[in-house]
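Reader: Hey, could you walk me through one part of this model in detail? I'd like a close look at the sheet in the first chain, and then whatever helps me place it in the rest of the assembly.

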Amino acid sequence: MAEVAVALSDVTLIFSDANGDPVLAVDDVSLEVPQGQFLAIVGPSGCGKTTILNMLSGLINSTLGTVVKNGEVVTGPSMDVGYMLARSALFPWRSARRNVEMPMEIRGVGKAERRRRADELLDMVKLGDFKTKFPSQLSQGMRQRVAIARTLAIEPKLWLLDEPFSALDAQTRITVQNEFLRLWENTGSTVILVTHDLSEAVLLADRVIVMTARPGKIKLDQVIDIPRPRRVDDLLDNEHFMQLEARIWKELRDELV
Amino acid sequence: MNSSENREKTPGQKIIDDYRPPSSRQKAIKSLRIPIQIGKLLVIIFAILVWHFIYKWNVINKAFIASPKQTLDWFGSNWDNGEVWRDLKVTLREALLGWIIGSTGGLLTGLLMARFKLLWDVTSPVFTFLNAAPRTAFAPILILIFGLAETSKVVLAASIVFFIVMVPTRAAAGMVDPDLETVMTTMGGRERDRFFKVILPSVLTSVFGAIRLGSVWALLGATFAELFGAKYGLGLRYIAATNILNMPEAFGVIFIIALLAIGINGAIGLLERRLMRWQATSTKGSVMVV
């Protein structure tokens, strides 16, 4: 058994809504993710998926319970976490290269080294010819690949993905998902993906957790035993994939009212 | 953006394929460039002709205006006039100083007010009043306080520019893309990184137009204050010329001021284009704001 990368113990989160009334967003969730696992969390809108990511990233603190990452209680943001959002969130005034350099800049990596590494990473996401382009000059798929390169520059032990493929059109999504798998599969890092796209969860993850509608609780914890390396487009008509998806869908359906 | 997505074919092809060449609209605009230049020239010639005939046919009393020819002659006989150059230098110095002080102050105050909401809540009535007050009308008072020399003009120019920059800065600082802040925070960025790498660039982008507008207003403010009394300056030269109905000189000075404004605006426009290269819709050929 690999060591535990992330552990939530009896985590509850209550926040105040716009009227100041308390809202129970996450209700007593316990969860352990071994190092190197790709975990997907699916559930209806407002089930607290993103809230869990935000607690793991240290953006917010749990009301009750503890969030432990690499053996330490999370109290604030740390530099070994790569966080990706639905929108690429690139800095529009920076070229692709300078965007990828950003996390290294924050850590004080020297200019030459930063640049060398950024170029290497952009080559890895097949954007070698677009290093000096600005985000406005790139397509959405390319922008999300720059965001992947930027996250790789963090060399994260833990990837927190908040629907990073959801804003892409169907074909670009497959390309970028494959790109991500290819780059991630040999890093040994842990991934927690939040999505409302069940197929995506089953295609990419080693394990899928279904959450209930608010307040969010874990409803189903399913291992996805599709072997790696995977290619998303090869799996779409795979029978085992379809069975798993159908089984989880039954559980999820009850939550979508 | 949408068209590029539609063009994407198989995943493999996409990488080369989704680079977007200039749109056909951009090309069409490019091919129009020369006819547009000719059109511009024709409109200028037409405007000068209108001016010429207004003078010639006595549409306006000849005592109160100068003809294009007289204005040109004034330039011809004064281009090496040291006193005109000195006045120009004085006004330009007042305007630039007022612009720099006003925009820096406006930028810093705007950022401060956005950062400390409570401070803004408390001070906003005063700022709202000062912004609403006709600041050009303070010119005579400022001259009484700061004297006839350049300081009073700098103060008026700066006070106008201050609000032109402060108001949008405060607004822009509150509208920084929250995704960028999230990414910066999760990357482990400190407060300093957040300010210099996210907030300041975002705000500068939004308020560059206001800073540019401020430059022209600084020139107007400085000139306007000079009308009420100055030691030197284009405004003083202008009011002195109109007082003795020396209309060629009055018109000449107006032209100098206008050309200065265009020059300053153009120079900042070039800088802006250079710095804002990354924007999809560049500010090329943006509106001349006076």
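Author: Here's a walk from the sheet outwards, through the domains and the chain contact to the confidence scores.

Keep in mind that this is a predicted model. The sheet in chain A is an open one built from six strands, and reading across it you get E6-E7-E8-E3-E9-E10. Its pairing is mixed. As general background, strands of a sheet pair through backbone hydrogen bonds, either parallel or antiparallel. At the two edges sit strand E6 (81-84) and strand E10 (218-223) of chain A, each of which has a pairing partner on one side only. From one strand to the next, the twist averages 15 degrees.

Now zoom in on the E10 edge. Strand E9 (residues 207-211) of chain A runs antiparallel to E10(A), and five bridges join the two. If you want a register to check by eye, look for A:Ile209, which stands opposite A:Asp221 in E10(A).

Stepping back to the whole chain, the domain assignment splits chain A into domain 1 (4-80 + 157-253) and domain 2 (89-155). Measured as a separation of C-alpha centres, that's 25 Å between domain 1 of chain A and domain 2 of chain A. Each domain puts 11 residues into their contact. On the domain 1 side of chain A, helix H5 (residues 170-184) gives the most, with six residues. That side, by class, has eight nonpolar, two polar and one charged residues.

Then there's the other chain. Chain A brings 29 residues to the contact with chain B, and chain B brings 24. On the chain B side, helix H1 (2-7), helix H2 (11-17), helix H10 (178-186) and helix H11 (191-227) each supply at least two residues. H10(B) has the largest share there, six residues. The class breakdown for this side of chain B is nine nonpolar, eight polar and seven charged residues.

How far does the confidence go? The model scores ipTM 0.84 and pTM 0.78. Chain B has a mean pLDDT of 87, with 86% of its residues at 70 or more. Two stretches of chain B deserve a look, though. Over residues 1-18 of chain B the pLDDT is below 50, and this stretch has 27 contacts in the model beyond near neighbours in sequence. Residues 282-290 of chain B also stay under 50, with 12 contacts beyond four places in sequence.

Key: Residues numbered from 1 in each chain as written. Chains lettered and ligands numbered in written order. Predicted model: local features only at pLDDT ≥ 70, side-chain atom pairs only at ≥ 80, totals over all residues. Pairing = 2+ DSSP bridges. Helix = DSSP H or I, 4+ residues; strand = E, 2+ residues; numbered from the N terminus. Axes fitted to C-alpha atoms, helices over the stretch in contact; angles between N-to-C directions. Domains from an automatic or database assignment. Contact = placed C-beta atoms within 7 Å. Nonpolar A, V, L, I, M, F, W, Y, C, P; charged D, E, K, R; others polar. pLDDT = per-residue confidence, 0-100.
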